[in-house]
Amino acid sequence: MADFDGTILIGKSGKDGGKGSDKSEVLTLKLANRHGLVTGATGTGKTVTLQTIAEGLSAVGVSVFAADIKGDLSGIAAMGDSKEPFVKRAKEIGTDYKPAVFPVVFWDLFGEQGHPIRTTVAEMGPLLLARMLELNDVQEGVLNILFKYADENQLLLLDFKDLQALLAEFGNNKDLQREVGATYGNVSTQTIGTIQRQLLVLQNQGGEKFFGEPALDINDFLRTDRDGRGIVNILAADKLMGSPKLYATFLLWMLSELFEKLPEIGDPDQPKLCFFFDEAHLLFSDAPPALLKAVEQVVRLIRSKGVGVYFVTQNPLDVPDTVLAQLGNRVQHALRAFTPRDQKAVKAAAETFRQNPAFDTSQVITQLGVGEALVSMLEGKGTPEMVARTLIAPPSARVGPLTAAERVAIISASPLRNKYTDVIDRESAYESLQKKVAEAAAPATSGGLGGMLGGIFGSGQPGPRGGRAPQSMAEKVLTSALRSAASTAGRQIGSAILRGVLGGLLKKR
C-alpha cells in the first residue's frame with residue numbers, strides 16, 4: 001500500500017487522531033531510517049502490520065530484511081486474496097483492495113528453507129562468538145587470546161574445523177599454553193575444554209553450518225527487481241528459534257556487516273534497506289553492558305548508511321531505554337494488563353508517545369481490537385506526531401504461509417541459487433597445521449616408517465644411552481597439532497559474528 005509521494009500508508013485514524021478513518025497515517029520515507037518499534041501482545045496483528053510496511057517499502061524500491069518466526073510472512077511472495085475482511089477494511093479507510101505479489105528471496109542459516117547464510121569464524125570475532133557460546137569473562141578472554149595467536153601466525157579461521165583444530169592444539173600442549181600465556185595471560189586446559197564443550201552444544205544445534213564459505217555478500221540484500229521494486233529478504237527463523245542465542249547473535253552480526261561495509265550517505269530521500277528484528281527481546285536478554293553499549297552505538301550510527309532498524313516485540317520494556325530513545329516511528333498494538341508487570345508495560349508504552357488530548361493513551365492501549373494500533377510516526381524535521389488510534393491498512397499479498405511446493409519453486413528460480421548452494425573449503429588454519437607437520441617430518445623420512453615416526457614424535461636421534469632424545473618445544477607443538485588434526489578430521493563446528501564494528505567500538509572504550 002504505497003503512495004508515491006514519499007510516504008507509505010500505514011492506515012487511517014479518526015478526527016483529531018481518535019477512533020475513525022479521516023486522517024492518513026503514513027511513514028515518511030525520508031525519515032524511515034530513523035528506526036522504529038512495533039509492539040503488542042500475541043495475536044493482535046504485529047505480523048500483518050510488518051507485512052503492510054514491508055510491502056510499502058518494496059513498492060517504492062526499498063529493500064527489506066525480515067526474520068519470519070512463524071512462517072506467516074512468507075505469504076508476501078504470493079498473490080493476495082480478495083477476502084471479505086480485507087476488502088471491508090480497505091473501504092473503511094477509503095481505498096480499494098488491490099491484490100499483489102512482491103519479489104522475495106528466502107534465506108535459512110540451515111540451508112533448508114532458503115539459501116544458506118554463512119560467515120567466517122574470523123569475521124564473527126571473539127566477542128559475538130563468546131556470547132553465542134554463553135562463555136563467562138575468563139573464557140571470553142582465552143578466546144580473544146586464541147584469535148590473537150591465529151592472527152600472528154597467519155592461521156585463517158574460516159570454518160568450524162579451523163577453530164576446533166586451534167583449540168585442540170592449545171588443549172593438548174601445556175608448553176604452548178605457558179609460552180602464549182606469558183605474553184597475553186593464563187590459558188588453561190580446563191578453560192579450553194569448556195569452550196570445546198560449548199562448541200559441541202552449538203554443533204548439535206546445527207550452528208556449525210553458519211561458518212564457512214562462500215560468505216554472505218551483504219550487497220545481495222540490497223537488490224531490486226526489473227520493475228524497480230525492492231527485494232524482500234525473508235529469513236526462515238522457525239527452527240532457528242530453537243537456538244535463541246544463535247538467532248540473536250546472527251542478527252547482531254548482520255547489523256555490524258551493514259554498518260562496516262556500506263558507505264556513508266547521510267540522510268537519503270529513502271533508505272537503502274529496512275531491517276526488521278522480530279522477537280527483539282532475545283537480543284537484549286542477559287546481554288553484558290559492553291555489548292548493550294555497542295548495540296546502542298551501532299543503532300545510532302547505522303542510519304547514516306541508509307539503513308532503518310525496526311524492532312518487533314511484545315513488550316516495549318524488552319528494549320533498553322538507550323535504544324528505545326532512538327526509535328522514532330512507533331506502532332503499538334494492544335497490550336493486556338493482567339499482572340503488575342503488564343500494567344507497568346502499559347504505562348511505559350503510553351508514556352513513550354507524544355500524548356493526544358483526545359483520549360487517554362494508557363486506557364486505549366488495552367482496548368484496541370485486532371488490526372487496530374496506536375501510531376506515531378516522525379514528521380516534519382523529525383519530531384514525532386501526536387499518537388493516533390489507527391485502523392491498519394490490509395496487506396496486498398497473501399496473509400499466511402506459502403506451501404512447501406511454492407517455497408521450493410521460488411528458491412529454485414532465484415538468481416542467487418548457484419552462488420551460495422555449494423560449500424567452498426579452501427586452505428585455512430586446519431590445513432596449515434597439517435602442512436606444517438608434514439614439512440617438519442620430511443627430513444626424517446629417510447629412515448623409512450621408523451624415521452617418519454621419529455620425525456613426528458621425536459628427534460629420531462639417539463640419546464646419551466642409546467635411547468631417544470627428549471622432544472624439543474617445536475616437536476611438542478607439531479605433535480600436538482598432528483593429534484589435533486587427526487582427532488578433528490571428520491568434524492565441523494560453528495561460530496559467528498561481528499569482529500570489526502563491535503570489537504572496534506569496545507577497544508575504543
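Which residues of α1 are buried? Select helix α1, residues 46–59, to find out. The buried residues are Lys46, Thr49, Leu50, Gln51, Thr52, Ile53, Ala54, Glu55, Gly56, Leu57 and Ser58. Keep in mind while looking that the model is predicted.

**Whole chain**

Zoom out before going further. The protein chain has 509 residues, of which 56% count as buried. Colour by secondary structure and there are 19 helices and 15 strands to pick from. For contacts between residues at least 6 apart in sequence, 76% join residues at least 24 apart.

**Stop 1: helix α1**

Return to residues 46–59. The helix has 14 residues, and from its first C-alpha to its last it reaches 20 Å, close to the 20 Å expected at 1.5 Å a residue. α1 is mostly covered, with eleven of its 14 residues buried. Among the buried ones are two with charged side chains, Lys46 and Glu55. Now select glycine 61, just after α1; its phi is positive, at about 95 degrees.

**Stop 2: glycine 185**

Next, select glycine 185, in the loop between α6 (174–184) and α7 (189–204). Is this glycine buried, partly exposed or exposed? Its relative accessible area is 24%, so glycine 185 counts as partly exposed, the cut-off for buried being under 20%.

Add isoleucine 145 to the selection. Isoleucine 145 lies 40 residues from glycine 185 along the chain, and the C-alpha atoms of the two are separated by 7.9 Å. With neighbours within four places in sequence left aside, glycine 185 is in contact with Ile145 and Val180.

**Stop 3: helices α8 and α10**

Select residues 244–261 for α8 and residues 289–301 for α10. The two helices pack with their axes 10 Å apart, at an angle of about 45 degrees. That angle makes α8 oblique to α10, because it falls neither under 35 degrees nor in the 65 to 115 range. The crossing of α8 past α10 is left-handed.

Show side chains to see what meets at this contact. From α8 come Leu252, Leu255 and Phe259, and from α10 come Leu291, Val295, Val298 and Leu301. What kinds of residue make up the contact of α8 with α10: nonpolar, polar or charged? Seven are nonpolar, none is polar and none is charged.

Look at the spacing of these residues along each helix. An α-helix has 3.6 residues a turn, so residues three or four places apart point the same way. To see this on the model, view α8 end-on with Leu252, Leu255 and Phe259 highlighted.

How values were computed: Residues numbered from 1 in each chain as written. Predicted model: local features only at pLDDT ≥ 70, side-chain atom pairs only at ≥ 80, totals over all residues. Heavy atoms only, no water. Axes fitted to C-alpha atoms, helices over the stretch in contact; angles between N-to-C directions. Helix = DSSP H or I, 4+ residues; strand = E, 2+ residues; numbered from the N terminus. Parallel < 35°, antiparallel > 145°, perpendicular 65-115°, else oblique. Left-handed = near helix turned anticlockwise from the far one by under 90°. Contact = heavy atoms within 4.5 Å. Buried < 20%, exposed > 50% of the residue type's maximum accessible area, 1.4 Å probe, protein only. Expected span 1.5 Å × (residues − 1).
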